[in-house]
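Reader: I'm new to this structure and would like a close look at one part of it. Could you start with a single loop residue and its surroundings, and then work outwards from there?

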Amino acid sequence: MPYREFGGMPAHPKAGKDCVKCGLCAKRCPAGAIPTERPDTTDPEKCITCMRCVAVCPKKARSLPAPMLLASKTMLSVKAAGYKKPQTFL
Ligand code: SF4
Ligand code: SF4
């Protein structure tokens, strides 16, 4: 609280030079964010940053931009550090 308006995900995976344009990521993307004719790209308006394309790519060619990956890792290492007491919301 207070609630904030969701402004979309700040980062989206893209394919690097190892992409062979097999199209598997485009087939498996649940949001239709990877065009079949250009599977090395990502539509940031549609991408929900679920990371499925990264998981399924046989060439390990998809990833988040390095600075964003580092920022996420730093943020999570702070937020996920230590034991959190369970809370109940009524
Ligand atoms: S699955 Fe990987 S190699 Fe295939 S098109 Fe997508 S990014 Fe390229
Ligand atoms: S992160 Fe998820 S939604 Fe975004 S392009 Fe990859 S599979 Fe699609």
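**Around K59**

Author: Setting aside the residues within four places of it in sequence, K59 is in contact with D18, C19 and V20. Keep in mind that this is a predicted model. As for where K59 sits, look in the loop that runs between α2 (52-56) and β2 (62-63). Is K59 buried, exposed or partly exposed? Count the other C-beta atoms within 10 Å and you get 15, so K59 comes out as partly exposed, since being buried takes 20 or more and being exposed takes 12 or fewer. There's also a pairing across the sequence to look at: G16 and K59 are 43 residues apart along the chain, yet their C-alpha atoms are 9.9 Å apart in space.

C19, one of the contacts of K59, leads straight to a ligand. Ligand 1 has 14 residues around it, and those that come nearest are C19, C22, C25, P39 and C57. By type, that shell has 9 nonpolar residues, 4 charged ones and 1 polar one.

Ligand 2 also has 14 residues around it, and here the nearest are C29, C47, C50, R52 and C53. Its shell breaks down into 10 nonpolar, 3 polar and 1 charged.

Some of those cysteines turn up again in the largest nonpolar core, which has 10 residues: A15, C25, A26, C29, A33, I34, C47, C53, C57 and A61. Take A33 from that set. Beyond its neighbours within four places in sequence, A33 is in contact with T42, D43, K46 and C47, and C47 is itself a member of the core.

Now for another loop, the one between α1 (24-28) and α2, where you'll find T49. M51 is in the loop between α1 and α2 too. What is the phi of each? For T49 the value is near 55°, which is positive although the residue isn't glycine. For M51, also not a glycine, phi is positive again, near 75°. As a rule, most residues other than glycine have a negative phi. Neither backbone angle comes with a buried position: T49 has 19 other C-beta atoms within 10 Å and is partly exposed, while M51 has 13 such neighbours and is partly exposed as well.

Stepping back, the protein chain has 3 helices and 2 strands. Read from the N terminus, the order is β-α-α-β-α. The helix to pick out is α3, made of 14 residues (66-79). At 1.5 Å a residue it should span 20 Å, and its end C-alpha atoms are 20 Å apart, so the two agree. The number of buried residues in α3 is 0, so this helix lies largely in the open.

How does the chain look as a whole? Its radius of gyration is 16 Å, whereas a compact globule of 90 residues would have one near 12 Å. Along the principal axes, the C-alpha atoms fill a box of roughly 45 × 25 × 20 Å. Of the 90 residues, 17% count as buried. And if you take the contacts between residues at least 6 apart in sequence, 62% of them join residues at least 24 apart.

Key. Residues are numbered from 1 along each chain as its sequence is written. Chains are lettered from A and ligands numbered from 1 in the order in which they are written. This is a predicted model: local features need pLDDT of at least 70, side-chain atom pairs count only at pLDDT 80 or more; totals for chains, interfaces and linings use all residues. A residue is near a molecule or strand if its C-beta atom, placed from the backbone, lies within 6 Å of it. Ala, Val, Leu, Ile, Met, Phe, Trp, Tyr, Cys and Pro count as nonpolar, Asp, Glu, Lys and Arg as charged, and the others, Gly among them, as polar. A nonpolar core is a set of buried Ala, Val, Leu, Ile, Met, Phe, Trp, Tyr and Cys residues joined through C-beta atoms within 7 Å. Two residues are in contact if their C-beta atoms, placed from the backbone, lie within 7 Å. Helices (H or I, at least four residues) and strands (E, at least two) are DSSP runs, numbered from the N terminus. The radius of gyration is taken over C-alpha atoms; the globule rule is 2.2 Å times the number of residues to the power 0.38. The expected span of a helix is 1.5 Å times one less than its number of residues.
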